[in-house]
Amino acid sequence: MSFPPLAPVLDLFANPTAARRPYRAPLATLFAAALLATTAGCAGGLDDPERFTGGSSSCAAGTTGASIIQAQCLSCHSTDANGSAGGGLDLQASGLPGRLYTTNAACNSKPLADSANPSQSFFLMKLTASPGCGARMPLGASLNAADTACLSEWLVAGKPSSP
């Protein structure tokens, strides 16, 4: 019967840290990664959801669907506008864009937003040269392509979840 050489085993007893040395690098790497992950910070907060889009937004920097509506639509489509909203559409009340999915257009009684195909909604058709019924919005002007794309993205993102 032969025994394995004792030299490697004796080295471990003479230098016990040598036995642990191969495990130091992965542990140190894991610790560094955990430390980095906990101290790196967050890209935004729930009070600033625009920061979580990752830059893939169709909206110009500093622009949101809500800011376009505020700048372009609320002069006519709010209860503050001469006491009644244009066409009965109040875009200032809370719940937009989800509320557009349950509101019908005054000129054709169709829902303003189509839950089956939000990007083809009547609300967005009203921004085109041929809206189907009624006048192009906003009255006397037109939105540029970037603002129209931003509103389309805003409407699609606000689609209510299916029950």
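In this predicted model, Cys107 and Cys133 form a disulfide, with 1.9 Å between their sulfur atoms. The two cysteines sit in distant parts of the chain: Cys107 belongs to the loop between α3 and α4, Cys133 to the loop between α4 and α5, and 26 residues separate them. The torsion about the S-S bond is about 45 degrees, so the link of Cys107 and Cys133 is right-handed. The two ends are not equally covered. Cys107 has a relative accessibility of 39% and counts as partly exposed, whereas Cys133, at 17%, counts as buried.

The chain has two disulfides in total. The other one joins Cys59 and Cys150, whose sulfur atoms are 1.8 Å apart. This link is right-handed as well, with 85 degrees about the S-S bond of Cys59 and Cys150. Cys59 is in the loop between α2 (16–39) and α3, while Cys150 is in helix α5, so this disulfide ties together parts of the chain 91 residues apart in sequence. Cys59 is buried at 17% relative accessibility, and Cys150 is buried with a relative accessible area of 0%. When the bonded cysteines are counted along the chain, the pattern of the disulfides is 1-4, 2-3.

Cys73 and Cys76 remain to be considered. What keeps the sulfur of Cys73 from a bond with the closest cysteine sulfur, in Cys76? The distance does: the sulfur of Cys73 is 8.8 Å from that of Cys76, and a disulfide requires sulfur atoms within 2.5 Å. The relation also holds from the other side, because the closest cysteine sulfur to Cys76 is that of Cys73, at 8.8 Å and too far for a bond. Cys73 counts as buried, with a relative accessibility of 13%. Cys76 is partly exposed at 39% and is placed in the loop between α3 and α4. From Cys76 to Leu89 there are 13 residues in sequence, and their C-alpha atoms are 8.9 Å apart in space.

Leu89 leads on to the largest pocket. Which residues lie nearest the centre of this pocket? They are His77, Gly86, Leu89, Lys126 and Met137, out of 24 residues that line the largest pocket. The space in this pocket comes to about 460 Å³. Its lining is made up of 15 nonpolar residues, eight polar residues and one charged residue.

Met137, one of the residues nearest the centre of the pocket, also takes part in a cis peptide bond. Met137 is joined to Pro138 by this bond, with omega at about -10 degrees. Pro138 is located in the loop between α4 and α5 (145–157). A cis peptide bond is also found between Leu96 and Pro97, where omega is about 0 degrees. Pro97 falls in the loop between α3 (65–72) and α4 (122–125).

The loop between α3 and α4 also holds Ser109. The backbone of Ser109 has a phi near 60 degrees, which is a positive value in a residue other than glycine. Is Ser109 buried or exposed? Ser109 has a relative accessibility of 53% and counts as exposed.

The last element to look at is α5, the helix that holds Cys150. How far apart should the ends of α5 be, given its 13 residues? At 1.5 Å a residue the expected span is 18 Å, and the end C-alpha atoms of α5 are 18 Å apart, which agrees. The buried residues of the helix are Asp147, Cys150, Leu151, Ser152, Trp154 and Leu155. These buried residues of α5 pack against α3 and α4. Cys150 is therefore among the buried residues of α5, with a relative accessible area of 0%, and its sulfur forms the disulfide with Cys59.

Note on methods:
Residues are numbered from 1 along each chain as its sequence is written. This is a predicted model: local features need pLDDT of at least 70, side-chain atom pairs count only at pLDDT 80 or more; totals for chains, interfaces and linings use all residues. Side-chain values use heavy atoms; hydrogens and water are left out. On a 1 Å grid over the protein atoms alone, a cavity is a set of points where a 1.4 Å probe fits but cannot get out, and a pocket is an open set with protein on both sides within 12 Å along at least five of seven lines; lining residues have an atom within 4 Å of a point. Grid points are joined across faces, edges and corners, and a volume is the space filled by probe spheres set on the points. Ala, Val, Leu, Ile, Met, Phe, Trp, Tyr, Cys and Pro count as nonpolar, Asp, Glu, Lys and Arg as charged, and the others, Gly among them, as polar. Helices (H or I, at least four residues) and strands (E, at least two) are DSSP runs, numbered from the N terminus. Buried means under 20% relative accessible area, exposed over 50%, partly exposed in between (1.4 Å probe, protein chains only). The expected span of a helix is 1.5 Å times one less than its number of residues. Contact means heavy atoms within 4.5 Å.
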